[in-house]
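The following exercises concern one protein structure. Please work through each task before reading its solution.

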Amino acid sequence: MSPGNSNNIKSKNLNNRIDEKFVKEKGVYKKNLIIYITAGYPNLYTTEKLIVELDKAGIDIIELGIPFSDPVADGPVIQQASQTALLNKVNIDKIFELTGKVRGKIRAAMVLMGYYNPILQYGIEKFLKSCKNQGIDGIIVPDLIPEESREILKLALKYGVKVIFLLAPTSDNSRIKLVASKSTGFIYCVSVAGITGERKQLPDLKKYIGNIRKYTKKPVALGFGVSNAGMAKKIFKLADAVIVGSAVIKKISDNIGNKRLLSAVAGFAAGLKKGMPHDRRN
């Protein structure tokens, strides 16, 4: 197999910020920290402020979760955040309004994570066109399999939006090959079989990530279960990016009503970057 290497081009020739984040330095991708927050939790006003503060803290890619009533891949922490956002009547239009508003204020790339049904109901082309117009660089649709992705991939290419697929430790080599061939921007590797959530420790991931790299030269990001800077540091040695979500949502939850909420969350995220080799802002 001849691995794809679409990310290995100079950033000045790119029009997608995800590619710009994953530039290569001496043949190795620059490391990235990806922070997940649920759009509209605890409210859209705070989400807007959090995006700006996370960008100031040097976060490379901000992943915004679209609240959904049945988030099958998410654990209780993110489920609760999603439920709160739904009670706040947060929807896709309001999220696009928010991202369009902050786009000019930040340097971070932005990715939307959402389940397929709301996107389908919204209209696939309308959704991807809005991504382009409202500053979104990529999408993660955890319940969309590559075999059913032809339409969304075609339209995403039209509008310059990356489509990021997931791999799990249970993925066999044929699945790895398929996801590696279809995923654009980067590949999202789930650290454990199961749902999102903080974990006290993670399994040995060296063989898992090493096997994926046999089939692709695209950037590999690893998430699910990362809860502290020590864990992030270990993962940075294996993967090109670390994704942290539930631990950040919990930090938000613990500080609701506290005037230091923004600084607490941004400080936690900045702490995760300390384990990043060659930490620098783009």
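**Exercise 1.** What percentage of the residues of the protein count as buried?

*Solution.* The model is a predicted one. Its chain has 282 residues, and 55% of them count as buried. A residue is called buried when its relative accessible area is under 20%. The accessible surface of the protein comes to about 12900 Å², and carbon and sulfur atoms contribute 50% of that area.

**Exercise 2.** Compare the span of helix α2 with the span it should have.

*Solution.* Step 1: helix α2 comprises residues 44-56, that is, 13 residues. Step 2: the expected span is 1.5 Å times one less than the number of residues, so α2 should span 18 Å. Step 3: the C-alpha atoms at its ends are 19 Å apart, which agrees.

**Exercise 3.** Describe the two ends of α2.

*Solution.* At the N-terminal end, Asn 43 acts as a cap: one of its side-chain oxygens lies 3.3 Å from the backbone nitrogen of Tyr 45. After the helix comes Gly 58, which has a positive phi, near 90 degrees.

**Exercise 4.** Which elements cover the buried residues of α2?

*Solution.* Step 1: the buried residues of α2 include Thr 47, Leu 50, Ile 51 and Leu 54. Step 2: their cover includes the strands β3 (32-38), β4 (61-65) and β5 (109-113), together with the helices α4 (92-102), α11 (246-254) and α12 (261-272). Step 3: Ile 37 serves as an example, being in contact with Thr 47, Leu 50, Ile 51 and Leu 54, among others. Ile 37 is also one of the residues with the most contacts inside the largest nonpolar core, which has 95 residues.

Terms used. Residues numbered from 1 in each chain as written. Predicted model: local features only at pLDDT ≥ 70, side-chain atom pairs only at ≥ 80, totals over all residues. Heavy atoms only, no water. Buried < 20%, exposed > 50% of the residue type's maximum accessible area, 1.4 Å probe, protein only. Areas by Shrake-Rupley, 256 points an atom, 1.4 Å probe, with all protein chains shown as cover. Helix = DSSP H or I, 4+ residues; strand = E, 2+ residues; numbered from the N terminus. Contact = heavy atoms within 4.5 Å. Polar contact = N/O pair within 3.5 Å; in protein donor to acceptor, adjacent residues only side chain to side chain. Core = buried A, V, L, I, M, F, W, Y, C linked by side-chain atoms within 4.5 Å. Lists of a residue's contacts leave out its neighbours within four places in sequence.
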